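Please examine the model shown below before reading the report. The discussion concerns its sheet and its salt bridges.

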Amino acid sequence: MTTFEKTPGWLDWYADPSRPAFRVPDGAVDAHCHVFGPGARFPYSPERKYTPCDASKDQLRALHDRLGFARNVVVQATCHGADNSAMLDALEASGGLARGVATVRPGIADAELQRLHEAGVRGVRFNFVKRLVDAAPRQDLMDVARRIAPYGWHVVVYFEAADLAGLREFLLSIPAPLVVDHMGRPDVTKDPHGPEFEAFLSFLRARPDVWCKVTCPERLTVGGPPALDGERHAYRDVVPFARRVVEEFPDRVLWGTDWPHPNLTGHMPDDGLLVDFIPHIAPTPALRRGLLVDNPMRLYWPDAD
């Protein structure tokens, strides 16, 4: 049996989260979460840039039961490379209540794409964050996008705000719907009405099929306060950015926990208090229902009753 030693300084996920004060709507979807291993069953990739603690599908299910989420979308974690086995195992165990976002290579066989689709995969992720992955050639990414388009999948893109200008033309040329992770990682010390975030909103306006996850305030915040010690109004510096996106694009936004929060260094949030962030960025019941139920159902379960 292969064993793994965690990256020094690794922060484990919060083991006993609070019950949120905010009750999510019936049928709510956690549209961005991960599973790690367990490494003994699903070994981490030799190419990984970090080694996490284990975070299994059963532990993810227990978290969702506590927070009130009915469905989820499991995004392939970079520590597993292009081996989607742990993610697929989570989909199989969900009874149709989970969808997946995979990592695939350009040479993937048609039969493997079909297998992923039948298992519940509905997207691929292109990661442009250099500290997490080595950048793939753009032609390879475009080849993947063309291969997955006939299945009706989308492309999840993850980048830093400072890199958007250099990526914009390429991203908008991708022949599939786009879903931007974590609001394009804005610098929240800047003005939410300033030129950098306006450039991001302009990117969202450029095509009607560009979606945005208003996720990871714990990753973006500078001034906090963190979602810890009963704080139910956390990450106030992130709120104006997320609320702008939710209010301008109410039918193209998604929310997720990002559990088990890979690569955090400052603190590990209490996921129950993280859920209490939602009403601060989606202040009306209609916005919350779109964010948590209607939008993710339209993107991931379009044929559900």
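This report describes the strand arrangement first and the charged side-chain pairs afterwards.

## Basis and sheet order

The structure is a predicted model. Eight strands form an open sheet in the order β1-β2-β3-β4-β5-β6-β7-β8, and their pairing is parallel. At the edges stand β1 (29-33) and β8 (253-254), each of which pairs on one side only.

Helix α6, covering residues 195-205, packs on this sheet and touches both β6 (178-180) and β7 (210-213). The direction of α6 makes about 135 degrees with that of β7.

## Strand β4 and its neighbours

Strand β4 spans residues 121-127 and is mostly covered, with seven of its seven residues buried. On one side, β4 pairs with strand β3 (residues 98-102) in the parallel sense, over three bridges. Within this pairing, valine 101 is located opposite glycine 123 of β4. Between β3 and β4 the chain passes through helix α3 (residues 110-119), and the resulting β-α-β crossover is right-handed.

Strand β5 (residues 154-158) also runs parallel to β4, and five bridges join the two. Glycine 123 appears in this pairing as well: its bridge partner in β5 is histidine 154. In general, strands of a sheet pair through backbone hydrogen bonds, in either a parallel or an antiparallel manner.

## Salt bridges between separate elements

How many salt bridges does a search of the whole structure find? The search returns 22. One of them is formed by glutamate 198 and arginine 244, whose closest N and O atoms are 2.8 Å apart. Because glutamate 198 belongs to helix α6 and arginine 244 to helix α8 (residues 239-248), the pair ties together parts that are 46 residues apart in sequence. Glutamate 198 counts as partly exposed because its relative accessibility is 25%, which is not under the 20% limit for a buried residue. Arginine 244, at 18% relative accessibility, counts as buried.

A second pair consists of aspartate 258 and arginine 219, whose side chains meet in a salt bridge with an N to O distance of 2.7 Å. Aspartate 258 lies in the loop between β8 and α9 (271-275), whereas arginine 219 lies in helix α7 (residues 217-220), so this salt bridge ties together parts that are 39 residues apart in sequence. Are these two residues buried or exposed? Both aspartate 258 and arginine 219 are buried.

## Salt bridge within helix α8 and the network

Arginine 243 and glutamate 247 also form a salt bridge, with 3.1 Å between the closest N and O atoms. Both residues lie in helix α8, where they are four residues apart, about one turn of the helix. Arginine 243 has a relative accessibility of 33% and therefore counts as partly exposed. Glutamate 247 is likewise partly exposed, its relative accessible area being 43%.

Glu198, Arg205, Arg244 and Glu248 are joined into one network by salt bridges that share partners.

Definitions and conventions. Residues numbered from 1 in each chain as written. Predicted model: local features only at pLDDT ≥ 70, side-chain atom pairs only at ≥ 80, totals over all residues. Heavy atoms only, no water. Buried < 20%, exposed > 50% of the residue type's maximum accessible area, 1.4 Å probe, protein only. Pairing = 2+ DSSP bridges. Right-handed = clockwise from strand over helix to strand, strands pointing away. Contact = heavy atoms within 4.5 Å. Axes fitted to C-alpha atoms, helices over the stretch in contact; angles between N-to-C directions. Salt bridge = Lys/Arg side-chain N within 4 Å of Asp/Glu carboxyl O.
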